[in-house]
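Dear colleague,

I am handing over the structure below, together with an account of what was found in it. Please keep in mind as you read that the model is predicted.

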Amino acid sequence: MNISRKLKEKVGSFSKITKKYKFTTRLLTLLLIFFSITFCFSRITYNVTDSLTKGIYLKKFFSDYRKGDLVLFAMDKKYSKYIENFPNKDKMKNIYLLKRISAVEGDIIETKSDGTLLINGEKKGKIMKIKGITDSIEDTRYVLKKDEYYLMGDTETSFDSRYLGILNKKDFRYEMKLLIKEETLERLINRIMEGKKA
């Protein structure tokens, strides 16, 4: 009889502890899920401009910034009047641009008076005349130093180092990786919507 009562007491106290821990465990699980989702979304950026493939990009944890890598950097606000089709640019505290590293330390950047851009002797595009930035284009030759980078988009009209100048490693926020193209995302959404209609 005495053993039975002690056993019931122990089971009762164990039950209270379990209920207490169940609540704590659920709370911790919810917090973990919330912070995981927040962390994942904070690492994702959507590129809306045509200079690189439109779509969802992922911020990489570790960056080594090599030629061909994609980087996200904060553009100086004084250039904001020159970029078109950038949503809410006037309301944003910082405007971030996504570009590709086209030249690194030791590479030779040359410009010709006709607007031709050469990297290590190879033609890489044209510099357009933009009032206030490239009013006059002169013949220049420059060898990139340590932590200096020349960034370009994939289109002729990309607003990149041709107008912003050479960028430094300290200007970079993240190295980026294309996660999903906009066209792939649109196809996926369309399939989901069609599936709901059926």
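The main feature to begin with is an open sheet of seven strands, which follow one another in the order 1-2-11-3-4-9-10 and pair in antiparallel fashion. Strand 1 (44-47) and strand 10 (167-168) stand at its edges, and because each has a single partner strand, one side of each is left without a neighbour in the sheet. As a general reminder, strands of a sheet pair through backbone hydrogen bonds, either parallel or antiparallel.

At one of these edges, strand 1 is joined by four bridges to strand 2 (residues 55-59), the two running antiparallel, and within this pairing Tyr46 stands opposite Ile56 of strand 2. Further along the order, strand 3 and strand 4 also run antiparallel and are joined by six bridges, with Leu98 of strand 4 as the bridge partner of Leu72. Strand 4 is in turn joined to strand 9 by three bridges, again in an antiparallel arrangement, and here Ile101 stands opposite Leu151 of strand 9. Strand 4 is mostly covered, since seven of its nine residues are buried.

Which residue forms a salt bridge with Arg100? The partner is Asp154, and the closest N and O atoms of the pair are 3.0 Å apart. Arg100 belongs to strand 4 (residues 95-103) while Asp154 lies in the loop between strand 9 (148-152) and helix 2, so the pair ties together parts that are 54 residues apart in sequence. Both ends are partly exposed, Asp154 with a relative accessible area of 48% and Arg100 with one of 28%.

The structure holds nine salt bridges, and two others among them may be worth a look as you go through the model. The side chains of Asp50 and Lys54 meet at 3.3 Å, N to O; Asp50 counts as exposed at 58% relative accessibility, whereas Lys54 is partly exposed, with a relative accessible area of 28%. Glu122 pairs with Lys124, and in that salt bridge the closest N and O atoms are 3.6 Å apart. Glu122 is partly exposed at a relative accessible area of 49%, and Lys124 is likewise partly exposed, at 37%.

Turning to the loops, two residues have backbone angles that you may wish to inspect. In general, most residues other than glycine have a negative phi. Tyr65, although it is not a glycine, has a positive phi of about 50 degrees; Tyr65 lies in the loop between strand 2 and strand 3 and is buried, with a relative accessible area of 9%. Asn120 also has a positive phi, near 55 degrees, and is found in the loop between strand 6 (116-119) and strand 7 (122-126), where Asn120 is partly exposed, with a relative accessible area of 42%.

Another loop residue, Tyr82, lies between strand 3 (70-75) and strand 4 and counts as partly exposed at 22% relative accessibility. The C-alpha atoms of Tyr82 and Ile133 are separated by 9.3 Å, although these residues are 51 residues apart along the chain.

There is also a pocket to describe, the second largest, which has a volume of about 300 Å³. The lining of this pocket consists of 18 residues, and those that lie nearest its centre are Thr111, Ile127, Thr140, Ser161 and Arg162. Strand 5 (108-111), strand 8 (140-143) and helix 2 (161-164) each supply at least two residues of this lining. Which element gives the most to the lining of the second largest pocket? That element is helix 2, with four residues.

Finally, on the surface, Leu188, Ile189, Ile192 and Met193 make a nonpolar patch of about 360 Å². Met193 has its place in helix 3 (residues 182-197) and is partly exposed, with a relative accessible area of 42%.

With best regards

Definitions and conventions:
Residues are numbered from 1 along each chain as its sequence is written. This is a predicted model: local features need pLDDT of at least 70, side-chain atom pairs count only at pLDDT 80 or more; totals for chains, interfaces and linings use all residues. Side-chain values use heavy atoms; hydrogens and water are left out. Two strands pair if DSSP finds at least two bridges between them. Patches are made of residues with over 30% relative accessible area and no salt bridge: like charges are joined within 9 Å, nonpolar side chains (Val, Leu, Ile, Met, Phe, Trp, Tyr) within 5 Å. Accessible areas come from the Shrake-Rupley method with a 1.4 Å probe; for residues, only the protein chains shown count as cover. A salt bridge is a side-chain nitrogen of Lys or Arg within 4 Å of a carboxyl oxygen of Asp or Glu. Buried means under 20% relative accessible area, exposed over 50%, partly exposed in between (1.4 Å probe, protein chains only). On a 1 Å grid over the protein atoms alone, a cavity is a set of points where a 1.4 Å probe fits but cannot get out, and a pocket is an open set with protein on both sides within 12 Å along at least five of seven lines; lining residues have an atom within 4 Å of a point. Grid points are joined across faces, edges and corners, and a volume is the space filled by probe spheres set on the points.
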